[in-house]
Amino acid sequence: MTTEAKPAYSPGLAGVIAGETQICSVDPNAGLTYRGYDIHEMAEQASFEEVAYLLLNGELPSVEQLAKFTRQIASERELPAAVVKMLRLLPRGTHPMDMLRTGVSMLGTFDKELNDNSHEANIRKAIRLIARVSTLATDGWLISQGEEPLEEKLDLTQAGNFFYKLRGEIPQTWQIRMLDTIFILYADHEFNASTFAARVTASTLADMYAAVTSACATLKGPLHGGANEESMRMLDDIKTPDRAEGWLKEQLAKKAKIMGFGHRVYKKGDSRVPIMREIGRDLGERTGKEQWIPICEKLEETMEREKQLCANVDLYAAPVFTMLGFPPQLNTPLFATSRVAGWCAHVVEQHDHNRLIRPRSLYTGPEMRPYRGA
Ligand code: COA
């Protein structure tokens, strides 16, 4: 019989403060800041590299620091030959998120600083991880499609190079700008599930690659990052705006979870949605694919009326990625290509101020009972 007082319990850790952070703050009333800067101000002007630097180092870079950081990332993109060989050995049809998770895990074994958790070594490893998660996403996809990956283009930024690797041509400036904005929106979100998984792993003093492997595994699920791939399947199924309301009501009657809606923290709207919706409208006009955003808007309107639930960023990210020319299987790896900056920043912070993360559980099993009638 336990004599311990019952600790407070919140299913799914909802509302629980599980740690301190100086990196990112999510305001339930639709606000999001990185190191005190509003993402709405940064999203349309900053580069992904500038935001990654900010997340990792706490302050914005000077012009020289940004140029150096951007070069460092570009120069670290190439994967070790053995990792490329491993990607080729995976069964045809392996999902790019599984390739990514396996690739990150394997990359750790090639990093000479793997087990050095000092601040300086962690920042160096973060640069390598930010560079190579992108390559695992692009090259993993190409290999899974039976195509040969291209060489990295050193003079392109992460956003530009991502396009280049998949399309074989240098993207236009507006495309790079859009992908930078998307990467900035996705770069961090305080204690979301994948970041929390990374911090739990790091809190055992396991290395950064172990933590990012945990994060990749956690991001895959459709209640988290996997929602942006599922949202595209949903939009494909709906096809036209006039079918959206009927489709949604049918799904709700079946008690189905609707991908791209709801959020654990935001209850009055996701701070990233207005920017992503605007990018979607712009892309709709540029590409002539003008059905996707009206479908999303009709879903938003109906969901608000029927369930008082708001859209999250993944609803609009799905058609945006499609209109940018990416296959739906790359939607979640695209998210990871950006979120890896946040994951690494959180691992640095966790290691710098570590305390093991080890909560309690509420036991609901059988009462104490004798073993085999003893
Ligand atoms: N579709 C239908 N109903 C939903 C829903 C959705 N997407 N999201 C939440 N709900 C319902 C829940 O079923 C619950 O209803 P109930 O009280 O009748 O049981 C109610 O809204 C409250 O939701 P709750 O389960 O407390 O939310 P949560 O904080 O545990 O879960 C998510 C948050 C994100 C996991 C959840 O909203 C979800 O599954 N969304 C779809 C996946 C997604 O888009 N993920 C990306 C998040 S950025």
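**Exercise 1. Find which polar side-chain atoms lie beside oxygen atoms of the ligand, and what the backbone of I258 adds.**

Solution. Begin with N312, where a polar side-chain atom lies 2.9 Å from an oxygen atom of the ligand, a polar contact in the sense of a pair of N or O atoms within 3.5 Å. Next take R264, which places a polar side-chain atom 2.6 Å from an oxygen atom of the ligand. Then turn to I258, where a polar backbone atom is 2.7 Å from a nitrogen atom of the ligand. Finally, the protein covers 65% of the 860 Å² of accessible area that the ligand has on its own (Shrake-Rupley method, 1.4 Å probe).

This is a predicted model, in which local features need pLDDT of at least 70 and side-chain atom pairs count only at pLDDT 80 or more, while totals for chains, interfaces and linings use all residues. Residues are numbered from 1 along each chain as its sequence is written, and side-chain values use heavy atoms, with hydrogens and water left out.

**Exercise 2. Describe the shell of residues around the ligand.**

Solution. The ligand is surrounded by 18 residues (a heavy atom within 4 Å), and the closest are L223, I258, G260, F261 and R264. Sorted by class, the shell comprises 9 nonpolar, 5 polar and 4 charged residues, with Gly counted as polar.

**Exercise 3. Explain why C216 and C310 form no disulfide.**

Solution. The structure holds 0 disulfides, a disulfide being a pair of cysteine sulfur atoms within 2.5 Å. For C216, the closest cysteine sulfur, in C344, is 9.6 Å away and therefore too far for a bond; C216 is buried, at 1% relative accessible area (buried is under 20%, exposed over 50%, partly exposed in between; 1.4 Å probe, protein chains only). For C310, the closest cysteine sulfur, in C296, lies 14 Å away, which is likewise too far for a bond, and C310 is partly exposed at 21%.

Methods
A polar contact is a pair of N or O atoms within 3.5 Å; within protein, one must be able to donate a hydrogen and the other to accept it, and residues adjacent in sequence count only if both atoms are side-chain atoms.
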